[in-house]
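Trainee: I am new to this structure and would like a close look at one part of it, the metal site. Could you take me through it step by step, and then place it in the wider picture?

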Amino acid sequence: MRAREIWEGLEKIVDLCGEREADLLLIAGDLFHRQPLLRELKEVNGLFSQLEKTHVVLCAGNHDYLKKDSYYRRFDWCSHVHMIQDSQLECVDLPEIGTAVYGFSYESKERTDKPYLGKQAKRLRQTEILMVHGGDERHVPVKKEEIAGLGYDYIALGHIHKPQNVVPGKMAYCGALEPVDRNDTGKHGYIWGEITDKSCRIQFVPSAAREYIHTDVQSSRGMSGSELKRQIKQIIEEKGIENIYKIMIKGFRSPDIRFDLKAMDIYGNIIELIDDTKPSYDFEKIKQQNKDNILGKFIGQFEGCSEDSAQYRAMCEGVQALMETRRD
Ligand SMILES: [Mn+2]
């Protein structure tokens with residue numbers, strides 16, 4: 001996704017925190033997908049400085065880890081922005097909002113330890129939140145059974161790009177604010193949460209400017225290129241022309257038809273278009289007509305294979321090749 005959209009996404013969040021007078025904005029690591037530049041930190045700090053009522057707590061993830069010479073290490077954030085600098089569990093105490101946030105930062109690209117292990121909430125404040133960046137084998141494995149019982153009111157997870165509720169109302173990944181690459185499909189946004197002394201309620205709110213969508217288009221026997229193009233156009237209009245598409249054309253096509261894939265990208269938002277259609281031969285008829293030659297024998301070898309098997313595809317390709325040679 002373009003950098004401009006990621007910045008705009010962050011601006012949206014900051015505006016929202018301002019409008020709704022949020023107490024706390026949590027950024028659970030990898031605010032940057034690489035080492036941040038000094039001017040980028042200045043921009044981010046400039047954004048955060050607009051917040052009058054909201055504290056910001058952030059940690060460094062595996063992409064923006066605290067390298068020895070990382071600008072994170074000596075950056076002078078405004079007073080309500082709290083950057084966790086410790087690689088072990090550190091407590092950010094925020095008595096003004098009755099909250100303590102616990103978290104840790106990465107000092108390298110990978111770490112397989114679990115800094116949260118056995119670290120019970122200290123109950124310094126009414127609300128205690130744990131922030132964990134990780135969740136795969138090479139980046140702080142997240143075992144929900146080991147975390148859920150530590151006594152935190154909420155566990156904010158970062159690292160996995162797809163938003164997901166790990167323990168409903170208790171532990172969740174907000175996912176990337178905007179999709180990071182073309183395989184980052186699905187909705188992206190942030191989590192809005194409200195913690196009272198009785199409950200924690202969280203809600204995922206989609207906010208990304210656009211979405212990567214992988215979808216199939218069904219082609220039918222006898223469908224022409226322009227019909228297919230119209231169908232693709234309709235699907236894109238239904239799902240939103242602001243999104244970016246990877247489209248697989250499935251089903252059958254007439255053996256004589258070749259789809260002109262370049263002509264199908266009407267809105268300029270298809271990054272990949274794959275023709276996976278099978279030619280709709282009447283194999284039984286061709287076999288009968290070619291009993292005594294290689295074509296008939298070839299088809300005979302594939303007797304009984306199902307239409308979505310690899311053998312069927314091999315048969316289609318083989319028959320097509322043989323028919324085309326014959327025609328010449
Ligand atoms: Mn990460």
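**The manganese site and its surroundings**

Mentor: Let us start with Asn62, which has a relative accessibility of 7% in this predicted model and therefore counts as buried, the cut-off being under 20%. His159 falls under that cut-off too, because its relative accessibility is 16%, so His159 is also classed as buried. Both residues belong to the set of protein donors that hold the manganese ion, which consists of Asp30 through OD, Asn62 through OD1, His133 through NE2 and His159 through ND1, at distances of 2.0 to 2.2 Å from the ion. Read along the chain, these donors follow the spacing D-x31-N-x70-H-x25-H. Asn62 sits in the loop between strand 2 (55-58) and strand 3 (81-83), while His159 sits in the loop between strand 7 (154-158) and strand 8 (164-167), so this pair ties together parts that are 97 residues apart in sequence.

For the wider picture, the chain is divided into domain 1 (3-206), domain 2 (211-280) and domain 3 (282-328), and the C-alpha centres of domain 1 and domain 3 are 58 Å apart. There is also a pocket to look at, the second largest, with a volume of about 170 Å³, whose lining includes Tyr281, Phe283, Lys287, Phe302 and Tyr312. Helix 5 (283-289) and helix 7 (310-327) are the elements that give two or more residues to this lining, and helix 5 contributes the most, with three. By character, the lining residues are seven nonpolar, one polar and four charged.

Note on methods
Residues are numbered from 1 along each chain as its sequence is written. This is a predicted model: local features need pLDDT of at least 70, side-chain atom pairs count only at pLDDT 80 or more; totals for chains, interfaces and linings use all residues. Side-chain values use heavy atoms; hydrogens and water are left out. Domain bounds come from an automatic or database domain assignment. Donors are N, O and S atoms within 2.8 Å of the metal (3.2 Å for Na, K and Ca); water is not among the atoms, so sites may look incomplete. Helices (H or I, at least four residues) and strands (E, at least two) are DSSP runs, numbered from the N terminus. Buried means under 20% relative accessible area, exposed over 50%, partly exposed in between (1.4 Å probe, protein chains only). On a 1 Å grid over the protein atoms alone, a cavity is a set of points where a 1.4 Å probe fits but cannot get out, and a pocket is an open set with protein on both sides within 12 Å along at least five of seven lines; lining residues have an atom within 4 Å of a point. Grid points are joined across faces, edges and corners, and a volume is the space filled by probe spheres set on the points. Ala, Val, Leu, Ile, Met, Phe, Trp, Tyr, Cys and Pro count as nonpolar, Asp, Glu, Lys and Arg as charged, and the others, Gly among them, as polar.
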